[in-house]
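Thanks for coming. I'll put the structure up, and then go through it from a single helix contact outwards.

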Amino acid sequence: MNIEDKITNAVVAGIKELYGADFDAKNVALQQTRSEFEGQLTVVVFPFLRMSRKGPEQTAEDLGKFLIQNIPDVVGGYNVIKGFLNLQISSACWAGLLQSIVADPDFGTQKPTDESPLVMIEYSSPNTNKPLHLGHVRNNLLGSSLARIVEANGNKVVKTNIVNDRGIHICKSMLAWLRYGNGETPESSGKKGDHLIGDYYVAFDKHYKEEQNELKAQYIAEGMEEEAATEKAKQEAPLIKEAHEMLVKWEQGDPEIRALWRKMNEWVYAGFDETYKMMGVSFDKIYYESDTYLEGKEKVMEGLEKGFFYRREDGSVWADLTGEGLDEKLLLRSDGTSVYMTQDIGTAKLRFQDFPIDKMIYVVGNEQNYHFQVLSILLDKLGFKWGKDLVHFSYGMVELPSGKMKSREGTVVDADDLIEKMIEDAYTVSKDLAKNIDIPEAEAREIARKVGLGALKYFILKVDARKNMLFNPAESIDFNGNTGPFIQYTYARIQSILRKAEGLETTGSDKAYELSDKEISLVQKLNGFAAAVRQAGIDYSPSGIANYCYELTKEYNQFYHDFSILNADDEAARQFRLTLSTAVAQVLSKGMGLLGIEMPERM
RNA sequence: GCCUUCAUAGUUCAAUGGAUAGAACAAAUCUCUCCUAAAGAUUAGAUCUGAGUUCGAUUCUCAGUGGAGGUACCA
């Protein structure tokens with residue numbers, strides 16, 4: 001049993017014995033003692049006053065005495081400041097705690113068992129008409145990190161991706177490619193497939209806008225109001241009409257259109273795969289909307305028969321959610337084609353067939369909060385047992401100083417460009433520091449890859465997912481301060497020390513080492529990893545892990561600066577500090593691993 | 001209009017209802033004959049407004065202000 005549990009249990013027992021009252025162990029507030037006071041752990045006694053019917057000081061005194069008498073091997077002393085009972089824990093306890101952390105390769109995490117619930121996590125979910133941008137990067141990093149965190153909390157995890165491979169958007173790219181492409185391919189142009197398609201998506205929009213402007217001017221000349229003219233031009237432009245015709249042909253299975261669609265999607269997938277690989281993102285099962293949208297239609301018709309939904313005169317199908325305090329929601333258009341919601345229902349059906357899902361997590365931007373609120377209700381009505389408490393892991397937008405990113409307008413930070421730039425910068429910084437003079441070029445490149453990606457991943461994951469975040473392309477991501485490389489550097493430095501220590505004579509010391517306050521504090525911090533992982537699993541919070549890693553790193557750096565390790569004057573001290581360093585490296589590596597950040601052995 | 005969400009130093013971000021609200025960047029000043037200076041130390045600087053809940057509120061509740069997002073045949 002760990003120190004905190006021992007104390008918590010003793011406190012509960014103390015309250016029972018001293019005041020004859022029952023107190024729930026999980027309401028005992030145990031926290032790290034602030035550095036300006038004596039002691040390492042603090043019990044907040046305010047919640048006990050109701051039972052003790054005494055002042056806070058007296059209550060704390062009572063408890064302090066009780067603890068010293070009952071768990072003398074743990075609590076060696078105490079002091080009371082107002083309602084805070086500060087406990088001094090014996091040095092041996094901390095040393096033992098450190099040993100148990102180092103010895104346990106699974107410290108802080110739980111392995112899934114056969115009985116563990118199966119959690120499916122959907123993330124990425126790209127459209128196939130454009131390359132990934134920074135917003136997608138946030139989605140992918142959050143999703144894959146979340147999967148690791150949920151798994152570390154003892155769940156079985158299936159990572160899934162729903163590829164939005166059909167719809168008007170891809171038709172736009174296809175049409176533009178036919179019109180303006182001259183048969184350009186990724187091979188002939190040397191462009192990555194997703195970028196190539198994205199360029200045609202932009203080209204479509206450019207020409208479409210031109211047509212709109214011409215038409216609008218014409219309508220106005222014919223005497224139409226400005227607003228009406230804009231609206232009509234939007235719908236009447238030949239390009240958009242043609243794109244719609246193409247979509248209809250696609251739905252009818254026109255062989256030529258389907259062939260082109262397949263070919264262009266393949267290009268995009270090849271491009272995505274590269275980006276995913278670079279980011280270290282992967283999936284266990286990929287679904288395609290072209291396979292699921294028909295299933296959705298079926299499911300909706302089923303719901304219609306059962307009377308969950310109703311049909312309007314124009315043929316469209318709706319769900320009436322006014323009873324749930326929401327609006328009415330369209331499920332099938334009057335022409336029988338499906339909408340976003342229909343597809344998500346179909347995807348859910350297939351997933352449920354494929355896996356015994358206990359819990360479903362959708363990693364999707366907060367712009368779709370309403371959509372998922374509705375989806376949850378609909379899935380529940382349609383009999384999916386996990387529908388009611390599906391989790392929409394809703395994250396905020398990545399904003400640029402100029403505002404929101406828009407693919408069509410080209411105001412995006414491209415994922416591939418950004419990754420490349422980060423790695424290049426990491427390489428340059430390293431060269432400038434003249435650190436890797438004796439490191440072979442190939443390894444230097446590998447280190448730069450880890451560090452550049454580490455900087456990017458950490459930059460994104462350290463921010464509370466719910467909040468919108470700002471990315472300023474002009475001030476590229478830092479390598480100093482609260483950053484991934486800061487943590488990676490500390491890790492690499494520990495590895496360097498451990499390598500050096502291997503060469504030294506070690507004379508086994510059986511003398512007990514008396515830990516200093518700073519060392520105890522570090523052990524406590526290490527021990528906090530388990531709680532951080534648990535909390536991250538509850539909050540679905542990669543940022544919690546990131547911040548934990550930073551705090552541990554910062555504290556270790558101070559320790560490193562203040563204490564000699566290899567040159568320690570006492571063998572027991574050296575042994576202890578090496579063990580401490582080993583443990584810090586272990587925990588950092590594991591914590592950063594949950595964020596998908598690799599740690600270089602040197603840098 | 002209605003719904004959701006966010007608001008903390010100049011900037012980007014932290015803080016299970018707990019003690020004097022933490023960092024980092026930017027600014028100023030120190031520390032490499034000493035285990036990796038991508039480091040450490042020091043100085044200066046912040047909880048949107050108003051009520052409420054209680055021993056105690058950045059955190060919970062309500063109202064307001066400001067930003068972001070959504071709002072039925074776009075995904």
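One definition to begin with: two residues are in contact if their C-beta atoms, placed from the backbone, lie within 7 Å. What you are looking at is a predicted model.

With that cut-off, take the pair of helices α8 and α11. On the α8 side the contact is made by Gly-193, Asp-194, His-195, Leu-196 and Ile-197. On the α11 side, the residues they meet are Met-264, Trp-267, Val-268, Ala-270, Gly-271 and Phe-272. Helix α8 covers residues 193-221 and helix α11 covers residues 255-279. Their axes are 6 Å apart, and the packing angle is about 125°. That angle makes α8 oblique to α11. By residue class, the contact of α8 with α11 has seven nonpolar residues, three polar and one charged.

Now the chain as a whole. Chain A has 20 helices and 15 strands. Along the principal axes, its C-alpha atoms fill a box of roughly 90 × 65 × 50 Å. There are 603 residues in chain A, and 40% of them are buried. If you take the contacts in chain A with a separation of 6 or more, 73% are between residues 24 or more positions apart.

On to domains. The assignment for chain A gives domain 1 as 3-89, domain 2 as 118-404 and domain 3 as 415-594. The centres of domain 2 and domain 3, taken over C-alpha atoms, are separated by 39 Å. Between these two domains, 28 residues of domain 2 are in contact with 24 residues of domain 3. Which elements give two or more residues to the domain 2 side? They are α5 (134-152), α11, β12 (391-395) and β13 (398-400). So α11 appears again, having come up in the contact with α8. The largest share of that side comes from α5, with twelve residues. The domain 2 side divides into 17 nonpolar, seven polar and four charged residues.

Next, the RNA. There are 77 residues around RNA strand B, and the ones that come nearest are Glu-328, Arg-333, Asp-464, Gly-481 and Ser-496. Several elements give two or more residues to this surface, among them β2 (41-44), β4 (84-89), β10 (328-332), α14 (369-381) and α15 (415-432). Which element gives the most? That is α17, with eight residues. The surface near RNA strand B consists of 31 nonpolar, 27 polar and 19 charged residues.

Two backbone entries are worth flagging for anyone who checks torsions. Most residues other than glycine have a negative phi. Arg-53 has a phi near 55°, which is positive. Arg-53 sits in the loop between α2 (49-52) and α3 (56-70). Is Arg-53 buried or exposed? Arg-53 counts as exposed, because there are 9 C-beta neighbours inside 10 Å, and the cut-off for exposed is 12 or fewer. Ser-124 also has a positive phi, near 80°. Ser-124 is in the loop between β5 (118-122) and α5. Ser-124 is buried, because 22 other C-beta atoms lie within 10 Å, and the cut-off for buried is 20 or more.

Last, three individual residues. Gly-108 is in the loop between α4 (91-103) and β5. Gly-108 counts as buried, with 21 C-beta neighbours inside 10 Å. Leaving out residues up to four places away in sequence, Gly-108 touches Phe-529, Ala-530, Val-533 and Lys-590. Tyr-548 is in helix α19, one of the elements that give two or more residues to the surface near RNA strand B. Tyr-548 is buried too, with 22 C-beta neighbours inside 10 Å. With the sequence neighbours again left out, Tyr-548 touches Gly-528, Phe-529, Ala-532 and Gly-591. Phe-529 is therefore on the lists of both Gly-108 and Tyr-548, given the contact cut-off of 7 Å between C-beta atoms. From Tyr-548 to Gly-528 is 20 residues in sequence and 8.4 Å in space, C-alpha to C-alpha.

The third residue is Asp-344, in helix α13, residues 340-354. Asp-344 is buried, with 26 other C-beta atoms within 10 Å. From Asp-344 to Val-451 is 107 residues along the chain, and their C-alpha atoms are separated by 38 Å.

That is where I'll stop; questions are welcome.

Definitions and conventions. Residues numbered from 1 in each chain as written. Chains lettered and ligands numbered in written order. Predicted model: local features only at pLDDT ≥ 70, side-chain atom pairs only at ≥ 80, totals over all residues. Axes fitted to C-alpha atoms, helices over the stretch in contact; angles between N-to-C directions. Helix = DSSP H or I, 4+ residues; strand = E, 2+ residues; numbered from the N terminus. Parallel < 35°, antiparallel > 145°, perpendicular 65-115°, else oblique. Nonpolar A, V, L, I, M, F, W, Y, C, P; charged D, E, K, R; others polar. Near = placed C-beta within 6 Å. Domains from an automatic or database assignment.
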